[in-house]
Amino acid sequence: MPGTGIWRTKSVEQSIADTDEPDTRLRRNLGAWDLTVFGVAVMIGAGIFTLTARTAGDLSGPSVSLAFVFAGIACALAALCYAEFASTVPVAGSAYTFSYATFGEFLAWIIGWDLVLEFSVAAAAVAKGWSVYLQEVLVAAFGDGITTTVDLGGVSFDWGSLILVAVLAALLTAGTKLSSRFSIVITALKVVIILFVIILGIAYISPDNYTPFVPPAAEGGESGAGVEQSLFSVLVGGSSSVYGAFGLLAGASLVFFAFIGFDIVATTAEETRNPQRNVPRGILGSLAIVTVLYVATSLVVAGMVPYTELATDAEPEGRKTLATAFSLNGVDWAAHIISIGALAGLTTVVMVLMLGQQRVLFAMSRDGLLPRNLAKTGSRGTPVRVNILVGIVVAVAATFFDASKLEEMVNVGTLFAFVLVSAGVLVLRKKRPDLPRGFRVPWVPVIPVVAIIACLWLMLNLTVLTWLRFLAWMALGVLVYFAYSKRHSLLGKREQEKVPAEE
């Protein structure tokens with residue numbers, strides 16, 4: 001039986017029935033190929049162009065490829081759980097919708113609030129990175145003196161990020177299918193760039209750069225210590241999470257950011273033709289493609305230069321990227337090509353992150369946990385009001401705020417969602433074994449339990465500061481729920497209408 005109060009659950013049948021409301025209906029026009037493109041579009045971007053070199057230099061050394069393997073395994077386990085849920089509950093909202101059907105309204109709100117953080121911060125952070133690459137391309141084409149940021153009364157105004165977010169918001173409002181076609185073209189370009197990096201980089205590999213594969217742990221200094229130290233190393237009494245075993249584990253937790261995206265495929269389930277078949281294919285297919293490319297790229301980059309030359313410098317512009325490995329080998333022309341590829345790559349990353357954010361807010365608004373009028377769809381079958389709201393929020397964050405150093409903030413939120421989705425598979429199997437499932441996780445309960453353990457393990461290896469920020473955001477979410485969402489819940493109103501008269 002469904003719970004009451006904050007633990008009331010929304011049945012799978014009710015979730016599916018709500019998708020037919022005329023004012024909030026999304027158009028079903030996506031296939032398995034579209035979903036695979038969306039997944040690859042968002043995963044091949046910030047992670048591979050910016051995190052690979054930096055993680056090798058700052059945390060893991062040459063073992064960065066192993067860090068990608070660890071993160072990929074955790075994602076694959078969670079992806080199986082997402083695939084079952086998305087094929088069983090083909091409704092917009094991803095982990096939020098799944099949690100509503102299993103754990104109840106309060107935890108659904110918490111995970112939805114968590115996803116708001118994940119997608120918004122990630123979109124803003126990547127938009128800032130896009131602006132940096134735009135400046136590099138413009139300087140290479142027109143010479144020095146061109147900058148994508150200007151100082152307005154002491155406030156940094158990033159016009160590059162603003163233009164990107166505005167264009168993408170308009171594109172998403174025009175229709176999801178159009179967005180998919182745009183993604184296909186850009187995604188094809190950046191996959192070609194990544195293959196170019198791998199093939200050309202092989203010629204510059206020196207086997208000596210792989211030794212030591214796991215560098216000895218760094219002792220002393222401020223880097224990787226205090227609140228910047230991983231929670232796990234603090235709990236077991238380590239002094240630093242730079243290099244060594246702790247560095248490898250911390251690296252896996254950081255490069256996990258590169259895999260964020262396959263869960264966004266689940267948010268488009270409601271817009272997919274035959275979601276029981278196509279959503280699992282899109283999730284697992286995109287994850288398999290990018291994992292192979294990530295591991296190959298990280299092996300090449302780590303072999304091209306000593307890992308110490310990829311470490312972040314003290315200066316503001318000291319972060320190393322994929323292009324750095326080629327510049328250090330004197331192949332500047334290749335570095336310019338990579339910068340162009342990164343510009344294209346980050347474009348689709350921001351677009352799909354914004355798409356995921358829109359669909360989560362759409363689902364929460366349709367349920368009344370946020371203002372219901374946000375969920376109204378336009379003539380093109382897209383939630384126009386939500387699109388505009390997300391565009392404004394991301395544009396303001398990317399234009400006026402420093403969105404750097406927030407990858408870990410995104411990671412902790414995503415991993416938390418993965419834990420709940422993996423546990424939710426076990427709960428729904430127990431509560432509703434009768435539901436038709438287009439895809440079933442094999443070896444239940446082993447796979448979901450291992451997925452939960454793997455994600456919790458990665459969460460432990462994020463920094464103490466990241467945990468403090470995450471807990472503060474969750475506390476704010478609890479306040480918003482009890483101040484607004486609980487009283488306006490559509491499910492709560494239906495519950496009150498069914499209360500027997502004698503009560």
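**A guided reading of the predicted model**

Strand β1 (residues 149-152) and strand β2 (residues 155-158) run antiparallel and are joined by four bridges. The coordinates discussed here belong to a predicted model. Within this pairing, L152 has V155 in β2 as its bridge partner. The two strands form a hairpin with two residues between them, and in this turn G153 adopts a positive phi of about 60°.

V155 leads from the hairpin to the surface. Together with I388, I392, V396, F400 and F401, V155 makes a nonpolar surface patch of about 540 Å². Which element supplies the largest share of this nonpolar patch? Helix α15 (residues 384-400) does, with four residues. I392 is one of the patch residues and has its place in helix α15.

F400, also part of the patch, may serve as a reference point for a residue elsewhere in the chain. A74 and F400 are separated by 326 residues in sequence and by 34 Å in space, C-alpha to C-alpha. A74 is located in helix α4 (residues 64-88). Its relative accessible area is 2%; since the limit for a buried residue is under 20%, A74 is therefore classed as buried. When neighbours within four places in sequence are left aside, A74 is in contact with A454 and L458.

Helix α4 also carries a charged residue that pairs across the sequence. The side chains of E84 and R429 meet in a salt bridge, with an N to O distance of 2.8 Å. This pair links distant parts of the chain, as E84 lies in helix α4 and R429 in helix α16, 345 residues apart. Are these two residues buried or exposed? Both E84 and R429 are buried.

The structure has a count of ten salt bridges. Another of them is formed by D367 and K10, whose closest N and O atoms are 2.4 Å apart. This pair, too, links distant parts of the chain: D367 is in the loop between α14 (332-366) and α15, K10 is in the segment before α1 (12-18), and the two positions lie 357 residues apart in the numbering. D367 and K10 are both buried. In the salt bridge between D434 and R432, the side chains meet at 3.0 Å, N to O. D434 has a relative accessibility of 51%; the threshold for an exposed residue is over 50%, so D434 counts as exposed. Salt bridges with shared partners also join K10, D18, D367 and R494 into one network.

The aromatic residues add a further set of links. The structure holds 20 aromatic pairs. One of them is the pair of F256 and F418, which is edge-to-face, with 5.6 Å centre to centre and 75° between the planes. Why does this pair tie together parts that are 162 residues apart in sequence? F256 lies in the loop between α10 (244-255) and α11 (262-267), whereas F418 lies in helix α16 (residues 407-431), so the contact of the rings spans that separation. F256 and F418 are both buried. Elsewhere, ring pairs link W7, F106, W109, W113, W473, Y481 and F482 into a cluster.

The backbone has several further features in its loops. The peptide bond from T211 to P212 is cis, with omega near -5°, and P212 is found in the loop between α8 (176-202) and α9 (231-235). A cis peptide bond also joins V444 and P445, where omega is about 10°. P445 belongs to the loop between α16 and α17 (446-460).

That loop between α16 and α17 also contains W443. Although W443 is not a glycine, its phi is positive, at about 55°. Its relative accessibility is 67%, and W443 therefore counts as exposed. N274 likewise has a positive phi, near 50°, in a residue other than glycine. N274 is placed in the loop between α11 and α12 (275-304), and at 38% relative accessibility N274 counts as partly exposed.

Key:
Residues numbered from 1 in each chain as written. Predicted model: local features only at pLDDT ≥ 70, side-chain atom pairs only at ≥ 80, totals over all residues. Heavy atoms only, no water. Patch = residues over 30% accessible without salt bridge, like charges linked within 9 Å, V, L, I, M, F, W, Y side chains within 5 Å. Areas by Shrake-Rupley, 256 points an atom, 1.4 Å probe, with all protein chains shown as cover. Salt bridge = Lys/Arg side-chain N within 4 Å of Asp/Glu carboxyl O. Phe/Tyr/Trp six-rings, centres within 6.5 Å; stacked < 30°, edge-to-face > 60°. Buried < 20%, exposed > 50% of the residue type's maximum accessible area, 1.4 Å probe, protein only. Contact = heavy atoms within 4.5 Å. Pairing = 2+ DSSP bridges.
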